[in-house]
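Colleague: Could you take me through this one feature by feature? I would like the general idea each time, and then the case in front of us.

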Amino acid sequence: MSNLVGFMQGRLSPIINGKIQSFPWQNWKNEFLLAKNININLIEWTLDHDNLYENPIMSSKGHELITELKNKYSIIIETLTGDCFMQEPFWKNEGNKKKKLKEDFINILQACSKIDIKIMVIPLVDGGSIGNQIEEDELSNFLITNTPLIKSLRLKIAFEMDKKPAEVLRFINKFDPTIFGINYDMGNSASLDYNPDIEFSNYGFRILNVHVKDRLINGSTIALGDGNVDFKKIFSLLKKFKYEGNYILQAARAKDEDHKKIIIDGINLIKNLEQQI
């Protein structure tokens with residue numbers, strides 16, 4: 001396969017408090033071995049706001065352990081999804097709390113750089129969705145001001161957005177195209193009933209990272225193939241637009257706790273699609 005396929009951290013761990021996605025505090029180290037055992041060498045890190053600075057990515061000791069595990073199991077970590085930004089977005093806060101969240105943002109950038117993460121995903125969906133022009137300006141101005149720092153850390157930023165394609169294009173055109181791009185979440189787009197042809201015609205060349213999942217229109221994440229994602233169409237468009245990044249499996253969790261099967265089935269789905277296109 002021309003693109004690496006990996007999984008969102010936590011997808012090989014037991015479900016925590018009914019959440020489809022959260023940092024697997026009790027099992028994160030074991031996921032390296034589990035991934036190796038099914039011939040996967042790519043994990044996307046996930047970072048929650050709760051206990052932010054206790055996450056191993058946020059400390060020197062944690063960096064050493066992550067690097068040790070990466071080397072031991074031949075695992076690559078190139079991307080991080082900052083669910084923390086969706087849970088506590090600085091662009092929706094005021095005063096000292098906003099100041100602290102901005103400091104957290106810079107600290108997360110620096111932490112990513114120290115373990116060679118290349119792309120940080122900012123989810124502008126759900127709690128992080130941009131609600132008005134004031135919020136958009138707050139986020140945009142902060143990121144544009146800090147573009148030199150982001151560049152010096154050899155990082156890129158990928159926005160995951162819930163806006164219509166033309167609005168996404170207008171937003172992304174504010175930013176340096178060598179640093180900022182789009183995280184394309186095919187499940188989220190399907191849930192909003194967006195037309196993939198229109199999406200890609202607006203920002204196909206700005207896609208830096210892809211989340212593979214399935215959703216019904218106006219529905220939640222479900223098993224791959226059971227929702228409204230037109231996988232063949234989307235993978236054809238990714239090929240047409242010469243996408244060279246990773247595919248990160250973010251599929252629905254297994255009700256029977258056989259999370260490994262979900263990941264293996266997802267890899268096989270992508271392999272079959274690539275062979276057909």
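Colleague: Let me begin with a single residue: is Ser 22 buried or exposed?

Modeller: Happy to, and please keep in mind that this is a predicted model. Burial is read from relative accessible area, and under 20% counts as buried. Ser 22 has 12%, so it is buried. Its place is the loop between β1 (5-8) and α1 (30-37). Setting aside residues up to four places away in sequence, Ser 22 touches Gln 9, Gly 10, Ile 16, Thr 46 and Asp 48.

Colleague: And Lys 19, where does that lie?

Modeller: Lys 19 also sits in the loop between β1 and α1. With 43% relative accessibility, Lys 19 counts as partly exposed. Sequence distance and spatial distance are worth reading together here: Lys 19 and Arg 253 are 234 residues apart in sequence, yet their C-alpha atoms are 9.3 Å apart.

Colleague: Which residues is Asn 55 in contact with, leaving aside its neighbours within four places in sequence?

Modeller: Asn 55 is in contact with Phe 23, Trp 25, Trp 45, Thr 46 and Leu 47. Asn 55 belongs to the loop between β2 (42-46) and α2, and its relative accessibility of 2% makes it buried.

Colleague: Now to helices. Which residues of α1 are buried?

Modeller: The general idea first: an α-helix has 3.6 residues a turn, so residues three or four places apart point the same way. In α1, the buried residues are Glu 31, Phe 32 and Ala 35. Viewed down the axis of α1, these buried residues fall within an arc of 105 degrees, so they line one face of the helix. They pack against β1, β2, α2 and β3.

Colleague: Where are Tyr 73 and Lys 70 found?

Modeller: Tyr 73 is in helix α2, and Lys 70 has its place in α2 as well. Tyr 73 is buried, at 14% relative accessible area. Beyond its neighbours within four places in sequence, Tyr 73 is in contact with Phe 32, Leu 33 and Lys 36. Tyr 73 and Leu 33 are 40 residues apart in sequence, while C-alpha to C-alpha they are 6.5 Å apart.

Colleague: Lys 70 is a lysine; is it buried or exposed?

Modeller: Lys 70 is buried, with a relative accessible area of 13%. Not counting residues up to four places away in sequence, Lys 70 touches Phe 32, Ile 75, Ile 77, Ile 115 and Asp 116. For a contrast with the earlier pairs, take Lys 70 and Gly 95: they are 25 residues apart in sequence and 39 Å apart in space, C-alpha to C-alpha.

Colleague: How do I read backbone angles? What is the phi of Ser 74, for instance?

Modeller: Most residues other than glycine have a negative phi. Ser 74 has a positive value, near 55 degrees. Ser 74 is in the loop between α2 (60-73) and β3 (76-81), and it counts as partly exposed at 42% relative accessibility. Lys 242 has a positive phi too, of about 55 degrees, although it is not a glycine. Lys 242 lies in the loop between α10 and β10 (247-249) and counts as exposed at 64% relative accessibility. Asn 39, just after α1, takes a positive phi of about 60 degrees.

Colleague: Last topic, helix pairs. At roughly what angle do the axes of α9 and α10 cross?

Modeller: The axes of α9 (residues 196-203) and α10 (residues 231-240) come within 10 Å and cross at roughly 20 degrees. Angles under 35 degrees count as roughly parallel, and α9 and α10 are therefore roughly parallel to each other. Their crossing is right-handed. Pro 196, Asp 197 and Phe 200 of α9 meet Lys 233, Ile 234, Leu 237 and Leu 238 of α10. The residues of this contact divide into five nonpolar, no polar and two charged.

Colleague: What covers the buried residues of α9?

Modeller: Those buried residues are Pro 196, Glu 199, Phe 200 and Tyr 203. Seen down the axis of α9, they fall within an arc of 95 degrees, so they line one face of the helix. Their cover includes α7 (165-172), β6 (180-185), α8 (186-191), β7 (207-212) and α10.

Terms used. Residues are numbered from 1 along each chain as its sequence is written. This is a predicted model: local features need pLDDT of at least 70, side-chain atom pairs count only at pLDDT 80 or more; totals for chains, interfaces and linings use all residues. Side-chain values use heavy atoms; hydrogens and water are left out. Axes are lines fitted to C-alpha atoms, for helices over the stretch in contact, and angles run from 0 to 180 degrees between N-to-C directions. Helices (H or I, at least four residues) and strands (E, at least two) are DSSP runs, numbered from the N terminus. Angles under 35 degrees count as roughly parallel, over 145 as roughly antiparallel, 65 to 115 as roughly perpendicular and the rest as oblique. A crossing is left-handed if the near helix is turned anticlockwise from the far one by less than a right angle, and right-handed if clockwise. Contact means heavy atoms within 4.5 Å. Ala, Val, Leu, Ile, Met, Phe, Trp, Tyr, Cys and Pro count as nonpolar, Asp, Glu, Lys and Arg as charged, and the others, Gly among them, as polar. Buried means under 20% relative accessible area, exposed over 50%, partly exposed in between (1.4 Å probe, protein chains only). The arc is that of the directions from the helix axis to the C-beta atoms.
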